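Have the sequence and the 3D view open side by side as you read. This report is a short guided walk, meant to help you find your way around.

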Amino acid sequence: MVSRFIKESVKKALGELFPELNTVNFAVSPERRFGDYTTNAGMVAATSLGKPPKETAQNIVDYLSKDENTARFFSKIEVAGPGFVNFTLSDECVAKKLEELPAILSGGLDNLTGEKINVEFISANPTGALHIGHGRGAFYGDVLSNIFSFAGAAVTREYYINDSRESKQIKELGKTAKGEGNFYENTIDNIRTYTEINLSDAIEDIGFKIAWQVQSINKGFIEKDLNIKIDNWYSEDKKLRSSLLNDRNLAAFKMKELTYEKDGAVWLKTSVYGDDEDRVVVRSDGSKSYFLSDISYHADKFSRGYDRVIDIWGADHHGHVKRIEAVKKMLGWKGELKIFITQLVSLKENGASSKMSKRVGNVIFLVNLINEINAINKFGVDAVRWFFSEKSLGTHMEFDMALARERSAKNPVFYVQYAHARINSILEKAKNVSADESKIADAMKDKEARALAVKITEFPEVISGITEDYQVHKLTTYAYELASTFARFYEEVRVVGEKDYNSGALELATLAKETIAKSLNLLGISAPNKM
RNA sequence: GUCGCCGUAGUUCAAUGGAUAGAACAAGGGACUCCUAAGCCCUAGACGCAAGUUCGAUUCUUGCCGGUGGCACCA
């Protein structure tokens with residue numbers, strides 16, 4: 001990895017003065033005129049030394065220019081601006097990186113090899129269809145899992161099903177079906193399962209059966225329509241309530257005197273471990289709370305030996321972060337717990353914002369969104385996946401259906417797919433003519449070709465960066481840049497002629513195609529050969 | 001009230017303690033008789049407000065304004 005090599009080189013150059021701070025970065029340059037890679041190490045070091053930034057930066061340059069090893073890697077190392085050090089890769093180095101790429105594209109990276117990671121996402125209540133709010137967590141979790149797997153980790157994708165008969169939602173479903181309530185009218189209307197359900201059963205049993213019908217519909221939608229694979233569908237009812245796990249955990253809490261009774265309920269002393277207040281684990285009517293199940297569920301996940309346990313929750317679960325982290329401390333779970341909050345999607349209609357509410361009926365379901373776009377160009381899932389994946393999780397999205405429909409045809413995903421299809425077309429043409437003698441190094445003499453080559457070699461950097469900072473949307477940014485760099489290359493460099501083709505340029509185009517395909521693949525988006 | 005998140009171009013979104021804050025769509029203009037024009041090139045356009053920390057703040061801190069979410073013995 002180039003950025004790692006630069007870091008090591010600069011470390012050598014600065015010796016003990018190297019600032020071990022995370023404000024130091026070694027990254028791909030933001031613009032071409034700043035070289036291929038850049039670091040602010042000189043400026044950061046200067047701050048702690050009290051020296052002028054440019055001087056420290058110059059020291060780095062001087063040192064590295066004398067080093068034969070680094071000289072082979074870079075054709076230019078220079079101080080720029082207020083004290084950045086910019087690196088331009090030698091063509092030899094770029095060519096070498098390109099040679100290594102096919103093995104990476106097919107075999108993945110190895111920076112997470114040996115790690116066991118659990119990613120739990122979507123986990124929608126089995127009380128209705130998935131709406132656009134679920135889309136964020138769904139695609140984020142899926143792509144993140146893809147990337148972790150690609151980086152060598154053993155990933156379990158998990159979905160928690162809130163199907164407890166003790167839950168208020170399940171009871172409410174039963175009530176609605178029986179005509180004793182109307183909270184889930186839409187759900188009941190949509191599935192129409194009355195014939196298979198005995199309405200004289202207890203409401204929680206009716207609700208439970210309906211919930212599983214909803215769950216099975218949602219599962220089919222997730223697997224077939226969204227193209228998301230879940231390894232472990234984890235039923236609260238089967239795994240936690242029916243087993244003795246909840247009881248065992250409760251007994252353990254009591255034995256360790258971590259609970260107390262108040263107002264007839266059993267409370268857990270989470271506030272001692274950083275939570276804002278204590279939480280109820282057994283309600284005064286004797287039923288166990290959702291929180292107790294959540295604890296048992298996490299205990300179960302940690303007991304399975306994951307190095308990282310990742311939860312992807314909606315913004316409405318923000319308040320749960322502290323309490324579960326408190327329990328982690330309380331019970332000393334081994335492993336890293338990462339909780340990501342996806343900001344909610346609000347609706348915009350007639351220029352005004354409104355909250356999605358099943359009650360009011362202004363909910364946009366994912367299936368409807370996909371169908372609307374499919375009606376335009378058949379790439380509905382691709383467009384929707386891109387639409388959600390290109391935004392960072394913290395963005396508060398405002399969703400306007402009319403705008404989404406209008407813009408879907410102009411979704412950047414088609415630009416990327418188009419580049420892929422175009423390259424495929426070139427490859428097809430090249431089959432009919434013979435190769436010339438050129439090599440990638442010859443082709444790289446052209447400015448746009450070199451830019452394409454460098455952009456391709458950034459792929460492993462982008463992926464390994466995401467495994468560290470979880471910023472999945474950087475992959476869409478990269479895929480778009482790659483497509484755009486190819487488009488400029490395509491305008492400048494003729495790959496296939498009448499009698500022969502430029503074999504160096506063709507090789508470059510082939511690598512570009514494979515890298516675009518892999519990027520789209522990790523995003524769960526198709527890479528069509530024709531458009 | 002309180003805790004959290006967000007406020008960047010007309011719009012939808014990026015980025016960053018430092019180099020001229022990037023794209024896309026919309027707007028305006030242009031090139032090309034050739035590998036897919038869903039393409040390429042150019043122009044115009046933005047850090048909510050105010051203080052503080054810093055050599056340097058859009059980024060960190062505080063306050064304010066605006067938006068949004070949590071604050072149940074619901075999940």
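What follows goes from the overall fold to the RNA surface, then to the core, a helix pair and a few single residues.

**The whole chain**

Please keep in mind that this is a predicted model. Chain A contains 22 helices and 17 strands. Its C-alpha atoms fill a box of roughly 80 × 60 × 45 Å along the principal axes. Of its 531 residues, 40% count as buried. Taking the contacts in chain A with a separation of 6 or more, 72% join residues that are 24 or more positions apart.

**The surface near the RNA**

RNA strand B is surrounded by 71 residues, and the closest are G81, D263, Y290, G319 and S425. By class, the residues of this surface divide into 24 nonpolar, 32 polar and 15 charged. Several elements each supply at least two residues to the surface: helices α2 (41-49), α7, α17 (412-430) and α21 (473-492), together with strands β4 (84-89) and β15 (397-399). Helix α17 gives the most, with 10 residues.

D263, one of the closest residues to the strand, deserves a second look. D263 sits in the loop between β8 (259-262) and β9 (265-268). With 7 other C-beta atoms within 10 Å, D263 is exposed. Its phi is positive, at about 55°, although D263 is not a glycine. For background, most residues other than glycine have a negative phi.

K378 also has a positive phi, near 70°, and is a residue other than glycine. K378 lies in the loop between α14 (366-377) and α15 (380-389). K378 has 10 C-beta neighbours inside 10 Å and therefore counts as exposed.

**The nonpolar core and helix α19**

The largest nonpolar core has 112 residues. Those with the most contacts inside this core are V143, I147, A453, L508, A512 and I516. Leaving out residues up to four places away in sequence, I516 touches V416, A419, H420, A479, L482, A483 and A527.

A453 leads us to helix α19 (residues 447-457), which is mostly covered, with 8 of its 11 residues buried. The buried ones are A449, R450, L452, A453, V454, K455, I456 and T457. What do the buried residues of α19 pack against? Their partners are β4, α5 (91-107), α18 (440-443), α20 (459-469), α21 and α22 (503-522).

V143 can be approached from another side, through V472. V472 lies in the loop between α20 and α21. Is V472 buried or exposed? V472 has 25 C-beta neighbours inside 10 Å, so it counts as buried; the cut-off for buried is 20 or more. Apart from residues up to four places away in sequence, V472 touches Y140, V143, L144, S389 and I466.

**Where α7 meets α9**

The axes of helix α7 (residues 168-178) and helix α9 (residues 203-225) come within 7 Å and cross at roughly 95°. The two helices are therefore roughly perpendicular to each other. On the α7 side, the contact is made by I170, K171, L173, G174, K175, A177 and K178. On the α9 side, the residues are I203, E204, I206, G207, F208, I210 and A211. By class, this contact has 8 nonpolar, 2 polar and 4 charged residues.

Helix α9 is also the place of D225. D225 counts as partly exposed, because it has 16 C-beta neighbours inside 10 Å. Not counting residues up to four places away in sequence, D225 touches V367, I370 and V381.

**Sequence separation and distance in space**

G114 joins D225 and V472 in the table below. G114 is in the loop between α5 and β5 (116-120) and is exposed, with 9 other C-beta atoms within 10 Å. Distances in the table run from C-alpha to C-alpha.

| Pair | Apart in sequence | Apart in space |
|---|---|---|
| G114 and T467 | 353 residues | 14 Å |
| D225 and V381 | 156 residues | 7.4 Å |
| V472 and T47 | 425 residues | 32 Å |

V381 is both the partner of D225 in the table and one of the residues that D225 touches.

Notes: Residues are numbered from 1 along each chain as its sequence is written. Chains are lettered from A and ligands numbered from 1 in the order in which they are written. This is a predicted model: local features need pLDDT of at least 70, side-chain atom pairs count only at pLDDT 80 or more; totals for chains, interfaces and linings use all residues. Axes are lines fitted to C-alpha atoms, for helices over the stretch in contact, and angles run from 0 to 180 degrees between N-to-C directions. Helices (H or I, at least four residues) and strands (E, at least two) are DSSP runs, numbered from the N terminus. Angles under 35 degrees count as roughly parallel, over 145 as roughly antiparallel, 65 to 115 as roughly perpendicular and the rest as oblique. Two residues are in contact if their C-beta atoms, placed from the backbone, lie within 7 Å. Ala, Val, Leu, Ile, Met, Phe, Trp, Tyr, Cys and Pro count as nonpolar, Asp, Glu, Lys and Arg as charged, and the others, Gly among them, as polar. A residue is near a molecule or strand if its C-beta atom, placed from the backbone, lies within 6 Å of it. A nonpolar core is a set of buried Ala, Val, Leu, Ile, Met, Phe, Trp, Tyr and Cys residues joined through C-beta atoms within 7 Å. A residue is buried if 20 or more other C-beta atoms lie within 10 Å of its own, exposed if 12 or fewer, and partly exposed in between; C-beta atoms are placed from the backbone.
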